[in-house]
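Please open the model in your viewer and keep the selection panel at hand. The tour below goes from one selection to the next and says what is to be found at each stop.

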Amino acid sequence: MHFDEDLAYMLQAEHVAYYKDGAVNILDRRIYPVRVEYVRCESHVQVRDALRAMVTQSAGPYTAAAMGMALAAYEARDLKGEKRLRYLEEAAEVLANARPTTANRMAQVTKGALAVAKEHIDDGDLDLILRDHALHSMERRYAAINQVAKHFMAALPEKGTVMTQCFGETIIGMLGREIKKTDKDIAFVCPETRPFLQGARFTASVLSQMGFDTTVITDNMVTSYMENHGISLFTSAADSICMDGSIVNKVGTHQIAIICSHFGIPYYATGIPDMDVQSAKDITIEMRDPEESLSAHGIKHTAEGVKGYYPAFDITPPKLVTGVVTDLGIFPSHELQQYKEKKGAGDFYFAV
């Protein structure tokens, strides 16, 4: 799998989610990098449950869902024709709706797998065909986001500091790869991203493993860091880029964008716009179990009776977004219609 061989451990396909011998093994990102362990799923429903439990996060669920379709084909190995296809269609629905906010993109993942399955529905090795399709889709996604990274290079200074938010899985790896090809001297500062600490555990780990000067700060240090040390720009990936320029991303993105506006720091969101999502009104914000905000790594840090609140995502309005870095270039947030016109019919980057 040459497309991922020079990337950090957790960005390599077999360490994201991988189907083999009737099971999908998913790197347990709830405990990585302190411990490197995998959750073994022996049914597509278990894959769905792992996605809901945030065993894998960021772009990981897209690969896990695609591998889950391979597992569903294995589960239906004794069925033929329409019965087997119906089983896979039901599995696709289950996997696509594991988490509500990303259901649109996940549906494109599972529909892509279904399209391949229809052409090979009675093949004895359909599970392996769908596994290879999942890998091909991952390679396509990496290639598309590598184009995003190439365009992003134009926004980076020759020397400076970039602040990230949460874990923009693929773009972090691709951008790091592109920076390494140049003489640019870029350091990174990563807010920890409570309560699952994706910024501290994932983004910082990947960037550090790739050789970058990387600093972790707690989420309430963002203003202090900008004021006392300065940053060149702020960036995040997005769980959805709406056509009106709204950015749906890990909760906390909006408040960092507000602080950037105060200090005159540019904010660039990265990814492929969702051309069938006009505005954030079309998005359902996932509400997580409030108990997750009252603990960290399984250790509760509040008294009994204290209530929690945990929306998984927030919405950054277009006026706070300097630009959206896409596979076709950098677009002002209020001009994504130009992206749509340039892209044509298009699709999300791993649908087929």
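Two strands count as paired if DSSP finds at least two bridges between them. With that in mind, and remembering that this is a predicted model, select Thr235 and look across to β10, where Tyr268 stands opposite. Widen the selection to both strands, and you have β7 (residues 233-236) and β10 (residues 267-270), which pair in the parallel sense over three bridges.

Next, bring in the rest of the sheet, which is open, has seven strands in the order β6-β5-β4-β7-β10-β14-β15, and shows mixed pairing. Its edges are formed by β6 (214-217) and β15 (329-331), each of which pairs on one side only. If you look along the sheet, neighbouring strands are turned against each other by 25° on average, direction ignored. Now add helix α7 (residues 198-209), which lies across β5 (185-191) and β6 and runs at about 165° to β5.

From the sheet, turn to the nonpolar interior. The largest nonpolar core has 105 residues, and Val24, Met69, Leu88, Leu130, Met163 and Met226 are those with the most contacts inside it. Selecting helix α5 (residues 126-152) shows the element that gives the most to this core, with 11 residues. Apart from this core lies another one, of seven residues, among them Val248, Ala280, Ile283 and Phe313. Centre the view on Leu88 and, leaving aside its neighbours within four places in sequence, you will find it in contact with Met69, Ala72, Ala73, Leu114, Ala117, Ile121 and Leu126.

A charged residue makes the next stop. Select Arg177, which lies in helix α6 (residues 169-180). Is this arginine, Arg177, buried or exposed? Arg177 has a relative accessible area of 17% and therefore counts as buried, the cut-off being under 20%. Beyond its neighbours within four places in sequence, Arg177 is in contact with Phe3, Asp6, Leu7, Asn146 and Met210. For a sense of scale, draw a distance from the C-alpha atom of Arg177 to that of Pro318, which is 141 residues away along the chain, and the separation is 29 Å.

Now select the cysteines. How many disulfides does a search of the whole structure find? The search finds zero. At Cys260, the closest cysteine sulfur is that of Cys190, and because the two sulfurs are 14 Å apart, they are too far from each other for a bond. Cys260 is buried, with 0% relative accessibility, and Cys41 is buried as well, at a relative accessible area of 2%.

Finish with the salt bridges, of which a search of the whole structure finds 18. Select Arg40 and Glu42, whose side chains meet in one of them at 3.0 Å, N to O; Arg40 is partly exposed, with a relative accessible area of 46%, and Glu42 is also partly exposed, at 48%. Glu286 and Arg288 form another salt bridge, with their closest N and O atoms 2.9 Å apart, and here both Glu286 and Arg288 are buried. Moving on to Lys300 and Glu304, you find a salt bridge of 3.4 Å, N to O, in which Lys300 is partly exposed at 34% relative accessible area, whereas Glu304 counts as exposed at 71%. As a last selection, take Arg99, Glu286, Arg288 and Glu292, which are joined into one network by salt bridges that share partners.

Note on methods. Residues are numbered from 1 along each chain as its sequence is written. This is a predicted model: local features need pLDDT of at least 70, side-chain atom pairs count only at pLDDT 80 or more; totals for chains, interfaces and linings use all residues. Side-chain values use heavy atoms; hydrogens and water are left out. A nonpolar core is a set of buried Ala, Val, Leu, Ile, Met, Phe, Trp, Tyr and Cys residues joined through side-chain atoms within 4.5 Å. Buried means under 20% relative accessible area, exposed over 50%, partly exposed in between (1.4 Å probe, protein chains only). Helices (H or I, at least four residues) and strands (E, at least two) are DSSP runs, numbered from the N terminus. Contact means heavy atoms within 4.5 Å. Axes are lines fitted to C-alpha atoms, for helices over the stretch in contact, and angles run from 0 to 180 degrees between N-to-C directions. A disulfide is a pair of cysteine sulfur atoms within 2.5 Å. A salt bridge is a side-chain nitrogen of Lys or Arg within 4 Å of a carboxyl oxygen of Asp or Glu.
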